[in-house]
Amino acid sequence: MYTRRALRWALGPLKPVSSCGQKGQVRPFVQTVAQTVAPRASSLWEDPLKTFRKITSGSEVQDPRSVSLPVPFKTNGRDTSPPAFGKLWLRDNCQCSKCIHPDTKQRIVDTFSIPQDIDLLEATAEKDTVVVKWSDGHVSQYPFYFLRQYMRNREPPKKELNSLRIRPFEPYTLGQHEYPTVSYSDVMANDIALYGWLENIYKWGFCFIKDTPVNPEATESLLKRIAFIRTTHYGGFWDFTADLTFKDTAYTNEFLGAHTDNTYFTDPARLQLFHLLSHEHGDGGASLLVDGFQAAKTLIEENASHAKTLRLISQPAHASGNENHCITPSRQFPVFNWHPDMHYIYQIRWNNYDRASKWDWTIDQQYKWYEAARHYDEILRRPNMEIWTQLEPGTALIFDNWRMLHGRSEFTGKRRMCGGYINNDDFLSRYRLLKFGRQHVLGNLGNIKHRETNPFNFV
């Protein structure tokens, strides 16, 4: 037999909540702390004992640490029961101006001063907002759109150790597509053209900027149209010749095989731009691009075991050419870097010039990795994978260093080149805001769903 104490544990004080306010005013649905189970519209006034039997039967039991809110939402076009939210999470994510700074959008509530046993006293639906009164005296406001966005309290999917998916991309095919190209003046003049430029970079992995003024100042301004220029041990904005000022193969006139830059950094630069300012008394120096994602896709199709090896076995890297530098990343990384939230390969780290000697692997692992790496290298060198172009003054080239490998042929004479790096986070911030708008981006913070409408699906 169910005792009154058991009923109180499950349902709290057994008192109905009126839907009428003072002076005959109709009040929106109100939920008290007693309602730990979200009632269906048809069961608001069911017998408490019947409700208790239902919730203790299994499927309708709700975690006492959670609460349902009167926010309307639909599943497959049908109105369904209100979703459950963790009470502590809900209080910590109050959207009022006392908890989220209205200008900086930063959290200002002291999370760890919130009582661990925080409880909801009342929830009222007012227009498009739910107002909640808490046991600590705070009153929170939650827009419907915010609650709908965060109403899924599911455990994130487990890591797919054997998955070899690659983040969505569009491969450039020689002879089938024109080179993605934008105009310098358009990009500098309006944000629509700027968005088109960044969309080309994200979609194709590279883009040319025609009619760029042949001087370093204009080129620097072009980069800063995206974000600030990243400073490294090579400096910020570069303006250099092949004089080995920095002890790196890039500062010679020798052949340079396809590679990605900055494998010796924990966070490699995302974008890299080159603008040839002059080439005197010589020839050669054609620029090479290879799509690392397309090559990885080919490797997966030809030998998935090889691709898995390059995804799982990490390698050390370093930059030690100059006396006062020995730069290494905070940890070793694999060639195919795996995104732990989105669960796909999102970054290629391939630079045989900067690879250091690895100590921590078995003979078996060594031979597996060398065999897989040899296969990937062979794919990268296939003529149908290589995009060769001859840079000219007035046409700058920018590419995604997390995807596209670059190199150049040997050259003679004196070349003057300028350019620079842009960080990943700054590039994606600019790209997402232009693509989706600020309000939509802010409304999806923390979203890791694979949807075209999710700005954070674009990594």
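Is K224 buried, partly exposed or exposed? Select it and take a look: K224 is partly exposed, because its relative accessible area is 48%, and the cut-off for counting as exposed is over 50%. Keep in mind as you go that you are touring a predicted model.

**Stop 1: a pair in helix α7**

Stay with K224 and add E220 to your selection. The two form a salt bridge, and their closest N and O atoms are 3.3 Å apart. Now show helix α7, residues 216-224: K224 and E220 sit four residues apart in this helix, so about one helical turn separates them. E220 counts as partly exposed too, with a relative accessibility of 26%.

**Stop 2: zoom out**

Show the whole protein chain as a cartoon. You have twelve helices and 22 strands to look at. The chain has 459 residues, and 47% of them count as buried. Switch on the surface and you are looking at about 24400 Å² of exposed area, 51% of it supplied by carbon and sulfur atoms. As for contacts in the chain with a separation of 6 or more, 73% are between residues 24 or more positions apart.

**Stop 3: the six-stranded sheet**

Next, colour the strands β9, β10, β20, β13, β22 and β11. In that order they make up an open sheet with mixed pairing. Which strands stand at the edges? They are β9 (181-183) and β11 (238-240); each has a single partner strand, so one side of each has no neighbour in the sheet. Turn the sheet and follow its twist, which averages 20 degrees from one strand to the next.

Now pick out β10 (residues 206-210) and β20 (residues 396-400). They run antiparallel and are joined by four bridges. For a landmark on this pair, select C207 and look across to I398 in β20, which stands opposite.

Then bring in helix α6, residues 191-204. The helix lies across β9, β10, β13 (271-280) and β20, and its direction makes an angle of about 145 degrees with β10.

**Stop 4: from helix to helix**

While α6 is on screen, select E199 and K435. Their side chains meet in a salt bridge, at 3.3 Å from N to O. Where are the two partners? E199 is in α6 and K435 is in helix α11 (residues 424-436), so the pair ties together parts that lie 236 residues apart in sequence. K435 is partly exposed, with 26% relative accessible area.

**Stop 5: from strand to strand**

Go back to the six-stranded sheet and select R416 and D239. Here the side chains form a salt bridge with an N to O distance of 2.6 Å. R416 is in strand β22 (residues 414-422) and D239 is in strand β11, so this pair links distant parts of the chain, 177 residues apart. R416 is partly exposed at 33% relative accessible area, and D239 is partly exposed at 39%. For one more group, select R167, R270 and D400: salt bridges with shared partners join these residues into one network. How many salt bridges does the count come to? There are 18.

**Stop 6: the four-stranded sheet**

Hide what you have so far and show β12, β21, β14 and β19. In this order they form an open sheet, with antiparallel pairing. At the edges you will find β12 (256-259) and β19 (386-389); each has a single partner strand, so one side of each is left without a neighbour in the sheet. The twist here averages 15 degrees between one strand and the next.

Zoom in on β14 (residues 287-291) beside β19. This antiparallel pair has four bridges. Select L289 and you should find I387 of β19 opposite. Then add helix α8, residues 292-302, which lies across β14 and β21 (404-408) and runs at about 45 degrees to β14.

**Last stop: a patch on the surface**

Bring the surface back and select F255, Y353 and W388. These three form a nonpolar patch with about 320 Å² of accessible area together. To place Y353, find the loop between β18 (345-348) and α10 (363-380). Is Y353 buried, partly exposed or exposed? Y353 counts as partly exposed, because its relative accessibility is 41%.

Key. Residues numbered from 1 in each chain as written. Predicted model: local features only at pLDDT ≥ 70, side-chain atom pairs only at ≥ 80, totals over all residues. Heavy atoms only, no water. Helix = DSSP H or I, 4+ residues; strand = E, 2+ residues; numbered from the N terminus. Buried < 20%, exposed > 50% of the residue type's maximum accessible area, 1.4 Å probe, protein only. Contact = heavy atoms within 4.5 Å. Areas by Shrake-Rupley, 256 points an atom, 1.4 Å probe, with all protein chains shown as cover. Pairing = 2+ DSSP bridges. Axes fitted to C-alpha atoms, helices over the stretch in contact; angles between N-to-C directions. Patch = residues over 30% accessible without salt bridge, like charges linked within 9 Å, V, L, I, M, F, W, Y side chains within 5 Å. Salt bridge = Lys/Arg side-chain N within 4 Å of Asp/Glu carboxyl O.
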